[in-house]
Amino acid sequence: MPPVAPRPCPRPCPRPRRPRPAAVLGLLLLLAAAAACTTPPEPGPRPPAAGPGAPAAADGGSAFWVDPDGDAARQVVAWEARGRYDDAQVLRRIADRPVAVWGRPGDPGPGIRRARAGAKAAGRTLVLAAHNIPHRDCGLRPAGGAADARAYRGWIGAFADAIGDARALVVLEPHAVAHAVDGCVRDGQRAERYRLLSEAVDRLKRNRNTKVYLDAGDPAWIRDPADLVGPLREAGLDRADGFALNVSGFQPDAAVRAYGTELSRATKGRHFVIDTGRNGAGPLPGDRTRASCNPPGRALGTPPTDRTGDPLVDAYLWVKRPGESDGTCRGGPAAGTWWPEQALGLARRARD
């Protein structure tokens, strides 16, 4: 019920009486005695102290699903059990934020269905990466991919079926188009690759709530975005929701946005998403190949969000999962393996 406004007196209001000094003195003595007899409450248990730069509610109301059982979340629990409270709190910069779920190369269904159930229950959008194109990564580690075109069609079908009617955003085949453009893919395989990507776009878009972004590399890879226009269109860009940039990369936001804006202009205004998971300190200087494998001193970038402030940028995402190794370079474990100390370094150096 709304508060009642004070009403004016119907006649001249009587003057309030001043309290007598004796009454005031008696009241003060009574209050002092009550305070002296009061026992202060016992302090309750204190939570672990927050570490330097530790975040508050880290997902910031993101539209994307946070996996409560991800590698970083499990690491937080393990460190708290061992008394590493400060490190655990800092690592929440990753554990409490949404990262992409990558479809498993064999059967992607079980993992995606588990994530789909969690995302639907939370009312959030599921972020996924499909990375199983034949001749993936041109034989470089971690090499792999479907055995042939038929196997890939079956795999992407299972991937799409597992999503169903859930709200999902799919980054389609990181590095696939850029590797075709830079000459890494042989001539005989290039046409098949574009055809498979185009078919994958169509299959995923049959899901009414799935958005699809074709990966397009990063500004340090294919220097002239005009070189990507034809290949992206051949790969189905006109029927996708846009393209993705900087997946697994370290290029800073400003450079990627400028590059993406130019590519968008050349593709009749297609929108794009940016992987910001590890670009908070920019790239390591030096040879691109060497600088992209577990580079030291890097930091988390802009937290995942669909509120980018840029009409062409649909989302900042963490597609490459921060804390997963790029390979055995610089003392890292096998590619794709969770590396707690690297994750902690990325989180400690983050600005957000």
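**A chat about the sheet, the cores and His175**

Me: How are the seven strands ordered in the open sheet?
Reply: In this predicted model, the order is E1-E2-E3-E4-E5-E6-E7, with parallel pairing.

Me: And which strands stand at the edges?
Reply: Strand E1 (101-102) and strand E7 (313-317) do, each with a single partner strand, so one side of each has no neighbour in the sheet.

Me: How many bridges link E4 and E5?
Reply: Three, in the parallel sense, between E4 (residues 210-215) and E5 (residues 242-245). Tyrosine 213 sits opposite glycine 242 in E5.

Me: What lies across E3 and E4?
Reply: Helix H7 (residues 187-205), which runs at about 165 degrees to E4.

Me: OK, on to the largest nonpolar core. Which residues touch the most other members?
Reply: Out of 52 residues, those are Leu128, Tyr152, Ile156, Phe159, Leu172 and Leu204. Helix H5 (residues 149-163) gives the core its largest share, eight residues. Another core, of 18 residues, lies apart from it and includes Ile94 and Leu346.

Me: What does leucine 172 touch?
Reply: Leaving out residues up to four places away in sequence, its contacts include Tyr152, Ile156, Leu204, Tyr213 and Asp215.

Me: New topic: where is histidine 175?
Reply: Histidine 175 is in the loop between E3 and helix H6 (176-181).

Me: Is histidine 175 buried or exposed?
Reply: Buried, because its relative accessibility is 18% and the cut-off is under 20%.

Me: So what is histidine 175 in contact with?
Reply: Setting aside neighbours within four places in sequence, histidine 175 contacts Asp137, Asp215, Trp221, Val247 and Ser248.

How values were computed. Residues numbered from 1 in each chain as written. Predicted model: local features only at pLDDT ≥ 70, side-chain atom pairs only at ≥ 80, totals over all residues. Heavy atoms only, no water. Core = buried A, V, L, I, M, F, W, Y, C linked by side-chain atoms within 4.5 Å. Buried < 20%, exposed > 50% of the residue type's maximum accessible area, 1.4 Å probe, protein only. Helix = DSSP H or I, 4+ residues; strand = E, 2+ residues; numbered from the N terminus. Contact = heavy atoms within 4.5 Å. Pairing = 2+ DSSP bridges. Axes fitted to C-alpha atoms, helices over the stretch in contact; angles between N-to-C directions.
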